[in-house]
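Biologist: I have a model open and want to learn to read its features. Where should we begin?

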Amino acid sequence: MNKEKDNKVVLYIAMSLDGYIALPDDSVEWLNDVKGDGGDNGYADFYSTIGTVIMGRITYDVILKLSDDFLYAGKPCYVTTRTPEQYQNEPNVTYTNEALTDLVPRLKIQSEGAVWLVGGGQMVQAFMQEGLMEEAIIAIIPKVLGQGIPLFPNGTPPSTFELRQVEQRGDIVLLHYKV
């Protein structure tokens, strides 16, 4: 019984009004003072649907700076890197350079929920090039950064998303798309 479950690959990410997910130095501190819903802006509900997380190494390095505790402990986490041999797998993290076209279908089968594409822009681009991203939930943060790391870097293939839902959380708007 090697049938793929209905686990979707979902991008869930915050973006500035001008399309950036981080400042040029990878900082995401600009997210800290946004007026949301007074709670977690729906994060816990989303996270409860996730079985596996996947991200690029640069995003992983940024996440390690955000908290002393690993934010995704208890869920399998895959970090893509060109040089996995430089890292020792940790209890919560597997480093891999496996082709996304092999890795992602396998993760969808193994996962106990959706596969969360955490980021960053290079990963989003790679997933879109391979047609691996199925849904996107983009939190639009009401700030213009003027510069930074774009969600969709130059070279991202042209795509059309189908809007499924719009959700307001304070000044934040979450756009739910089928890709």
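What follows is a short walk through a pocket, a helix, a buried residue and some backbone angles.

Modeller: Keep in mind that this is a predicted model. Let us begin with the largest pocket. Its volume is about 1,500 Å³.

Biologist: Which residues are closest to the centre of the largest pocket?

Modeller: They are Ile13, Thr59, Ile63, Val118 and Gly119, out of 50 residues that line the pocket.

Biologist: Which elements give two or more residues to that lining?

Modeller: The strands are S1 (9–16), S2, S6, S7 (135–141), S8 (149–150) and S10 (172–178), and the helices are H2 (57–66) and H4. Helix H2 gives the most, with 6 residues.

Biologist: How many residues of the lining are nonpolar, polar and charged?

Modeller: The lining has 31 nonpolar, 13 polar and 6 charged residues.

Biologist: Now helix H4. How do I read burial along a helix?

Modeller: The general idea is periodicity. An α-helix has 3.6 residues a turn, so residues three or four places apart point the same way. In H4, the buried residues are Gly121, Met123, Val124, Gln125, Phe127 and Met128.

Biologist: Is threonine 80 buried or exposed?

Modeller: Threonine 80 has a relative accessible area of 15%, so it counts as buried, the cut-off being under 20%. Threonine 80 sits in strand S4 (residues 77–80).

Biologist: Beyond its neighbours within four places in sequence, what is threonine 80 in contact with?

Modeller: Its contacts are Ile54, Met55, Gly56, Arg57, Thr96, Leu100, Leu103 and Met123. Met123 is also one of the buried residues of H4.

Biologist: Next, the backbone. Where is the cis peptide bond?

Modeller: Look at omega. The bond from glycine 119 to glycine 120 is cis, with omega near 0 degrees. Glycine 120 lies in the loop between strand S6 (114–119) and helix H4 (121–129). Gly119 appeared before, among the residues closest to the centre of the largest pocket.

Biologist: And phi? Which residue just after H4 takes a positive value?

Modeller: That is glycine 131, with a phi of about 65 degrees. Then check residues other than glycine. Aspartate 26 has a positive phi of about 75 degrees. Asparagine 41 has a phi near 60 degrees, also positive.

Biologist: Where are aspartate 26 and asparagine 41 found?

Modeller: Aspartate 26 is in the loop between strand S2 (20–22) and helix H1 (43–47). Asparagine 41 is likewise in the loop between S2 and H1.

Biologist: Why does aspartate 26 count as partly exposed?

Modeller: Because its relative accessibility is 28%, and partly exposed lies between the cut-offs of 20% and 50%.

Conventions
Residues are numbered from 1 along each chain as its sequence is written. This is a predicted model: local features need pLDDT of at least 70, side-chain atom pairs count only at pLDDT 80 or more; totals for chains, interfaces and linings use all residues. Side-chain values use heavy atoms; hydrogens and water are left out. Helices (H or I, at least four residues) and strands (E, at least two) are DSSP runs, numbered from the N terminus. Buried means under 20% relative accessible area, exposed over 50%, partly exposed in between (1.4 Å probe, protein chains only). Contact means heavy atoms within 4.5 Å. On a 1 Å grid over the protein atoms alone, a cavity is a set of points where a 1.4 Å probe fits but cannot get out, and a pocket is an open set with protein on both sides within 12 Å along at least five of seven lines; lining residues have an atom within 4 Å of a point. Grid points are joined across faces, edges and corners, and a volume is the space filled by probe spheres set on the points. Ala, Val, Leu, Ile, Met, Phe, Trp, Tyr, Cys and Pro count as nonpolar, Asp, Glu, Lys and Arg as charged, and the others, Gly among them, as polar.
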